[in-house]
Amino acid sequence: MMPIDYVIAAIAIGIGATVLMDVWNLFLKRAFGIPSLNYCLLGRWVAHMLSGSFRHVSIGSASPKPFECTAGWITHYTIGATLALVFVLIVSPDWLLQPTLVPALLYGIVTVVFPFLVLQPSLGLGVASAKTRNPTQARIKSLATHTVFGFGLYVCALGASYVLSSRTY
């Protein structure tokens, strides 16, 4: 069982990595006009799940739900925190004391399977964004974004390692 301070650290690095991912997406939008996922639509998808609808022809055409934007942002950060916690459990909680870049980057890259195979098809975008206007651009953006998430896990873990190693009992 992982000590509670390690659990908190893993959740914190997931939130931090998600923030870095959002900063990356903001940069892509402002510098290159490449839009990011509208987290309100993520929230709409989650809200529709509560009534048993898991797949949509077009999530944009699905009926809006109350608080979908809030639900989308909460879901987005919860996913980031959960992915980080799973990562720490896979590589070993001791990774938090001496983080290394390669496992975090590889994990970030591997997590792109979730939007490719679950989220995008469920929102009506097709497997790996096949039904979007520019599938190649969408795929590269997803891969780059998840790589940034992996890099964020490492960078945030550097801070967490400092905090964890300086604690006294």
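**Close-up views of a predicted model**

**View 1. Phe67 sits in the loop between helix H2 (39–49) and H3.** The model shown here is predicted. Phe67 has a phi near 60 degrees. That value is positive, and the residue is not a glycine. Most residues other than glycine have a negative phi. Is Phe67 buried or exposed? Phe67 is exposed, because its relative accessible area is 69% and the cut-off for exposed is over 50%.

**View 2. Ser129 lies in the loop between helix H5 (113–122) and H6.** Here too, look at the backbone. Ser129 is not a glycine, yet its phi is positive, at about 60 degrees. Is Ser129 buried or exposed? Ser129 has a relative accessible area of 3%, so it counts as buried. The cut-off for buried is under 20%.

**View 3. The largest nonpolar core holds 22 residues.** Which of them touch the most other members? They are Ile13, Phe87, Val88, Trp95, Leu96 and Leu153. Four helices each supply at least two residues of this core: H1 (4–32), H3 (68–91), H4 (101–110) and H6 (135–165). H1 gives the most, with 7 residues. In soluble globular proteins, nonpolar side chains tend to be buried together.

**View 4. Trp95 and the residues it touches.** Trp95 is one of the core residues that touch the most other members. Which residues does Trp95 touch, leaving out those up to four places away in sequence? The list runs Ile13, Phe87, Val88, Thr100, Pro103, Ala104, Leu153, Tyr154 and Ala157. Among them, Ile13, Phe87, Val88 and Leu153 also appear with Trp95 in the group named in View 3.

**View 5. Another core, of 7 residues, lies apart from the largest one.** Its members include Trp45, Ile59, Leu119 and Leu123.

**View 6. A nonpolar patch on the surface.** Now turn to the outside. Ile11, Ile15, Val19, Leu20, Val23, Leu101, Phe151 and Val155 form this patch. Together they have about 570 Å² of accessible area. Which elements give two or more residues to the patch? They are H1 and H6. The largest share, 5 residues, comes from H1. H1 also gives the most to the largest core.

**View 7. Ile11, a patch residue in helix H1.** Ile11 belongs to the nonpolar patch. Its relative accessibility is 31%, so Ile11 counts as partly exposed. That label covers the range between buried, under 20%, and exposed, over 50%.

Conventions
Residues numbered from 1 in each chain as written. Predicted model: local features only at pLDDT ≥ 70, side-chain atom pairs only at ≥ 80, totals over all residues. Heavy atoms only, no water. Core = buried A, V, L, I, M, F, W, Y, C linked by side-chain atoms within 4.5 Å. Buried < 20%, exposed > 50% of the residue type's maximum accessible area, 1.4 Å probe, protein only. Contact = heavy atoms within 4.5 Å. Patch = residues over 30% accessible without salt bridge, like charges linked within 9 Å, V, L, I, M, F, W, Y side chains within 5 Å. Areas by Shrake-Rupley, 256 points an atom, 1.4 Å probe, with all protein chains shown as cover. Salt bridge = Lys/Arg side-chain N within 4 Å of Asp/Glu carboxyl O.
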